[in-house]
Every structure is written in structure tokens, then in C-alpha cells.
Amino acid sequence: MMTDTPLLQVKNLKKHFPIHGGLLGLVTAHVYAVDGISFDIRRGETLSLVGESGCGKSTVGKAILRLYPITDGEVRLDGERIDNMSPSKLRPMRRRVQVVFQDPFSSLNPRMKVRDILAEPLINFGLVSGKKDIDEKVEALMDKVRLPRDSIRRYPHEFSGGQRQRIGIARALAPGSDLIICDEAVSALDVSVKAQIINLLVDLQDELGLALLFISHDLATVEHLTHRVAVMYLGKIVELADRRTLFSSSHHPYTRALLSAVPVPDPLAKRDRIVLTGDVPSPINPPSGCRFHTRCPFAFDRCKTEEPQLRSVGDGHQSACHLDHVPGGQVVPMAA
Ligand code: SF4
């Protein structure tokens, strides 16, 4: 396999959920949850997928994991299509892509001890030979996520929220994964614990060369761990850039509005808050033209009829907006 092939390639991915109605239960409409998005992730890279609740970002994660069949498009791992792969061929691929969900309490079986939770993927993927080997590998996983080895005989409810999330990360690491999808993985944690988990993920990435797809509704959360950011709105990617570019010179009005809500460490730093009016429109009947036009402070006639395509606005920087230069905007201090 050529080394310049991205680890994950997503091309024109669509996921439309049918809505059934009437006496015959026929399809009467669709939820256009994900409507033609493309991105890739390289080994050792973190790409964050950011947007408001309902924009489709979690559906992207679940489609990559094949928890949903996709409507159209392609998902490739190491250049090989996995979206249409047979279950038997998919099995070794599944080992390489794992997930950490938002709520570790509901995703960890409360009746299983941590040792058994971590042993399960090792056994399922045939990565262990005997009890001693299991115990050694489980203990090594506990070391990796900085939890005491002697706590493997405890149940999930005996751990704090942050510790449970560490167990979730250990379980995702267990099969020797290359890519971990973190779906709002730190959203339920308080600020200091959130920072600890983010630091742990950064350390693990350095140590193991992991790729991360970090799904979050909050730009502030991703600022300290991401390499690139893709901003989603109503099933589409509206801006894609490296972290520095996105946080210092974003182009799309929606990204600017999200950034304007990010807290600034310096209380003297000036920043104009862009308050978006109205709710995100329904993905069942998205607005014509630019999907953001019903809330965009810069919308003009063309925006209502012509859909802007994602286009290059700088080196590795893409934006889906008809404007060349978005007026005004704010400067958000970069993280060190
Ligand atoms: Fe706003 Fe128009 Fe740009 Fe859409 S295309 S973000 S409505 S200015």
C-alpha cells in the first residue's frame, strides 16, 4: 500500500433516512442527514467534524462504522472500499476502526468487570491466547489510559465519569485500532476532566500514531487537539481548513458565528459576537440554494437559488460561500 494514501477517504457520502407514512407505510419523505460530503484523514492526524446538534456529524461517524448502510458515496480505509464490503471481509477492517461514545456509562456493560470489558474485543478479534495473556494485555491497556491495574476487578459504576471514559478509550485501543471515532467523547465531562481526556488522546496519538475523527458541537473543545477542522451545517461541509487557518482567518459566515461564541482567555481581547437568529432548518426540507441563507447575516439574492460549492479559498482551505471576502468578522486568538 502506498504510504501517501490517506488512512480514511470519504467521498460524496450521503445518508438519507426514509420517512414512512400513510396506511400503506410508503416512503413519503427523506431526512437528508448527510448530503454529499468528502474528506480524508491521514495516519496520525486528527480531523474534527464540528457543527450544531442535528447537522449530521454523528451520522457520518456511524456511517463510517457501518452502523448504517449509506445511501450513496464511498468510504475507503487504506484505499479499499469498506462501505460495500461483505461482513466476512469487513471483520479485519472493523478491528482497525473503533469508537468512543459520549456517555461511557451507557456504552459500558454495567454487569461486566473492567477486565472483562477490555478482554472482550481482544477475544473477539482473536488477539489473545489464554488467561495470562488476556490479563497482561488488559493491564497494559490500563497503563496506556493511566488507570491503576488493580482496578480491573471493579465495575463501571465504581469509577468517575472521566475514569469511565478512559475505560472506553482503552476498549477502543484494545484491538490495535488505527482510527478512533470520538463521538462527542468529552462533551459530558466537566472542564478539568475534559482537558485531562483531551491530553490523554493527544499523548496516545503521539505514542501510537493513531488517527482521530473527533466529532463535537463545540469548536472550543477541538482547538487544542485538532490538526484540521471540517464545519458541517445541515448535512454539508461548509468549511474545511487546518486548525490555525480556521481559528485565525475563517471564511464562512457560519464558522465565524460559531467562533464568535468561543470563550477568549484574554478578557481585554475584543470580539464581536455574531448571534444567529432562528433554529437550524429541518433536514427533511432543507432551504434552496445555500442552506445557511435563512440565518446568514450576509445573504443576498443569489444565495436563495444557487447552492455554493466547496471551493479553495487558500492553501488547503475550502469554503462553500458565494462571497470572496466575508465582510467584518472577528479575530479569535489562536491557542499556543
Ligand atoms: Fe451566506 Fe450567501 Fe455565503 Fe450562504 S452563500 S454563507 S447565504 S453569503
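The exercises below, each with a worked solution, concern pairing, burial and side-chain contacts in the predicted model shown above.

Residues are numbered from 1 along each chain as its sequence is written, and side-chain values use heavy atoms, with hydrogens and water left out. Since the model is predicted, local features need pLDDT of at least 70 and side-chain atom pairs count only at pLDDT 80 or more, whereas totals for chains, interfaces and linings use all residues.

**Exercise 1. The open sheet**

Determine the strand order of the open sheet of four strands, and state which strands stand at its edges.

Solution. Strands are DSSP runs (E, at least two residues) and helices likewise (H or I, at least four), numbered from the N terminus; two strands pair if DSSP finds at least two bridges between them. Applied here, the order is β2-β1-β4-β5, and the pairing is antiparallel. β2 and β5 (80–81) each have a single partner strand, so one side of each is left without a neighbour in the sheet. As for the pairing of β1 with strand β4 (residues 72–77), these two run antiparallel and are joined by five bridges, and valine 10 stands opposite valine 75 in β4.

**Exercise 2. An enclosed strand**

Work out how far strand β7 (residues 179–183) is enclosed, and describe its pairing with strands β6 and β8.

Solution. Begin with burial, where buried means under 20% relative accessible area, exposed over 50% and partly exposed in between, with a 1.4 Å probe and protein chains only. Five of the five residues of β7 are buried, so the strand is largely enclosed by the rest of the structure. Next, consider direction: in a regular strand the side chains alternate between the two faces of the sheet. In β7, Leu179, Ile181 and Asp183 point one way and Ile180 and Cys182 the other way, all of them buried. Finally, turn to the partners: strand β6 (residues 97–100) pairs with β7 in the parallel sense over four bridges, with cysteine 182 as the bridge partner of valine 100. Strand β8 (residues 211–216) also runs parallel to β7 and is joined to it by five bridges, and here aspartate 183 stands opposite isoleucine 215.

**Exercise 3. An aromatic pair**

Classify the aromatic pair of tyrosine 233 and phenylalanine 292, and locate both residues in the chain.

Solution. A pair of aromatic rings is described by the distance of the centres and the angle of the planes. The criterion is that rings of Phe, Tyr and Trp (its six-membered ring) pair if their centres lie within 6.5 Å, with planes under 30 degrees apart counted as stacked, over 60 as edge-to-face and the rest as tilted. A search of the whole structure finds four such pairs. For tyrosine 233 and phenylalanine 292, the values are 5.0 Å centre to centre and 80° between the planes, and the pair is edge-to-face. Tyrosine 233 lies in strand β9 (residues 228–233) and phenylalanine 292 in the loop between α10 (253–260) and α11 (301–305), so the pair ties together parts that are 59 residues apart in sequence. Tyrosine 233 has a relative accessible area of 2% and is buried, and phenylalanine 292, at 1%, counts as buried. Tyr233, Tyr254 and Phe292 form one aromatic cluster.

**Exercise 4. Salt bridges**

Describe the salt bridges that aspartate 35 forms with arginine 291 and that arginine 115 forms with aspartate 116 and aspartate 135.

Solution. A salt bridge is a side-chain nitrogen of Lys or Arg within 4 Å of a carboxyl oxygen of Asp or Glu, and the structure holds 23 of them. In the bridge between aspartate 35 and arginine 291, the closest N and O atoms are 2.5 Å apart. This pair links distant parts of the chain, with aspartate 35 in strand β2 and arginine 291 in the loop between α10 and α11, 256 residues apart; both residues are buried.

Arginine 115 meets aspartate 116 at 3.4 Å, N to O, and aspartate 135 at 2.8 Å, N to O. Arginine 115 lies in helix α4 (residues 114–124) and aspartate 135 in helix α5 (residues 131–144), so their pair ties together parts that are 20 residues apart in sequence. At 12% relative accessibility, arginine 115 counts as buried, whereas aspartate 116, at 32%, counts as partly exposed.
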